Every structure is written in structure tokens, then in C-alpha cells.
Amino acid sequence: QVQVVESGGGLVQAGGSLRLSCAASGRTFSLLTMGWFRQAPGLEREFVAASRWNGGGTFYADSVKGRFTISSDNANNRVYLQMNSLKPEDTAVYYCAASTNPLLPPNSRSTYTYWGQGTQVTVSS
């Protein structure tokens, strides 16, 4: 089985930055896409960013484009989310997800097979 673990969440002032990390372990040889989602209280879990292995490209939600950057360390099956210019609206539990499917859209929750337990990000005004 594959395990996915996020870290790096915390409390930050508006305008500040955080860097989240996600590590996948176990049978990781078949993983082809890594993604980040978030869920605020009372709202649906929404797509944030994703990255395909082997230089396949990166993808961002409009709400974070220009502020967040996803990067990956292929050799160690690790992905990062650099979050800059944070806003109170970014407050949510952030989840890392991993997919074995190379064709399904990277912004869909149903694409991903494995999920982490989430890390809390709180942005104060």
C-alpha cells in the first residue's frame, strides 16, 4: 500500500508565507500525479495545485495562481507547496493526494487513489 503524509501547516499573518511538504511511501513506483486540495469549514474540498511526474506539467486553481507554487522531488517521491501572499480566505485543512492514473484530469478528487490526513493552515487578518 501507499502512504501519504503532509507537514508544514501552521498559523501565519496575512501576507506571510508557508511551505507545505508531502511524502509518499510504500509502493510508490506506480504514482504518476501528485496533487494538493484544501477544505475550509462548511465548504467542499477544492483543488489547489497538481504536478505530473516526468515533466508532464503543473496545474493551479485560479484562486491561487501567481501566489502558490508546486514543486516535486521525483527521486524521493516528495512534493511541496510554496504559499506566498497568504490571505484569510486560504485558511483550510490542506490535503496531499497521489494518483496512479495518467489520463484522468489532475483537478478532480476522483482522480486520486491515496490521501493524507491533512495539515491545518490558518491565516489571520
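## A four-stranded sheet

Four strands build an open sheet, in the order β1-β3-β8-β7, with antiparallel pairing. This comes from a predicted model. The edges of the sheet are β1 and β7. Each has a single partner strand, so one side of each lacks a neighbour in the sheet. Direction ignored, neighbouring strands here are turned by 15° against each other on average.

Look next at β3 and β8. Six bridges pair these two strands in the antiparallel sense. L20 is a residue to find here: its bridge partner in β8 is L81.

## R19 on strand β3

R19 also has its place in strand β3. Is R19 buried, exposed or partly exposed? Its relative accessible area is 47%, so R19 counts as partly exposed; the buried class ends under 20% and the exposed class begins over 50%.

Which residues does R19 touch, leaving aside neighbours within four places in sequence? The contacts are S7, G8, Y80, L81 and Q82. S63 makes a useful distance check. R19 and S63 are 44 residues apart along the chain, and 17 Å separates their C-alpha atoms.

## Two loop residues with positive phi

N77 sits in the loop between β7 and β8. It is not a glycine, yet its phi is positive, at about 50°. N77 counts as buried because its relative accessibility is 17%.

S85 lies one loop further on, between β8 and β9. Its phi is near 50°, again a positive value in a residue other than glycine. Its surroundings leave S85 partly exposed, at 42% relative accessibility.

## Strand β9 and its partners

β9 is mostly covered: of its eight residues, seven are buried. Which strands pair with β9? Take β4, joined to β9 by seven bridges and running antiparallel to it. In this pairing, M34 stands opposite A98 of β9.

β11 pairs with β9 too, in the antiparallel sense, over three bridges. Here Y94 stands opposite T119 in β11. Then there is β10. Two bridges join it to β9, and these strands also run antiparallel. A98 appears again in this pairing, opposite Y114 in β10.

## The nonpolar core

How many residues make up the largest nonpolar core? The number is 33. Those with the most contacts inside it are M34, W36, V48, F68, L81, M83 and Y94. Many strands contribute. At least two core residues come from each of β1, β3, β4, β5, β7, β8, β9 and β11. The largest share, five residues, is supplied by β9. In soluble globular proteins, nonpolar side chains tend to be buried together.

M83 shows what a core residue can touch. Residues up to four places away in sequence are not counted. M83 then touches G16, S17, L18, L20, R67, F68, Y94 and V121. Two of these, F68 and Y94, are also on the list of residues with the most contacts inside the core.

## Aromatic pairs around F37

The structure holds four aromatic pairs. One of them joins F37 and F47 edge-to-face, at 5.6 Å centre to centre and with 75° between the planes. This pair links distant parts of the chain: F37 is in strand β4 and F47 in strand β5, ten residues apart. Both F37 and F47 are buried.

F37 has another ring partner, Y112. This pair is edge-to-face as well, with centres 5.4 Å apart and planes at 80°. Why does the pair tie together distant parts of the chain? F37 lies in strand β4 and Y112 in the loop between β9 and β10, so the pair spans 75 residues in sequence. F37 counts as buried because its relative accessibility is 1%. Y112, with a relative accessible area of 6%, is buried too.

## A ring cluster and a charge

Ring pairs link F37, F47, Y112 and W115 into a cluster. R45 meets this cluster at W115: the charged end of R45 sits over the W115 ring, 5.2 Å from its centre. The charged end of R45 also sits over the ring of Y95, 3.6 Å from the centre of that ring.

Definitions and conventions
Residues numbered from 1 in each chain as written. Predicted model: local features only at pLDDT ≥ 70, side-chain atom pairs only at ≥ 80, totals over all residues. Heavy atoms only, no water. Core = buried A, V, L, I, M, F, W, Y, C linked by side-chain atoms within 4.5 Å. Buried < 20%, exposed > 50% of the residue type's maximum accessible area, 1.4 Å probe, protein only. Contact = heavy atoms within 4.5 Å. Phe/Tyr/Trp six-rings, centres within 6.5 Å; stacked < 30°, edge-to-face > 60°. Lys NZ or Arg CZ within 6 Å of the ring centre and 35° of its normal. Pairing = 2+ DSSP bridges. Axes fitted to C-alpha atoms, helices over the stretch in contact; angles between N-to-C directions.
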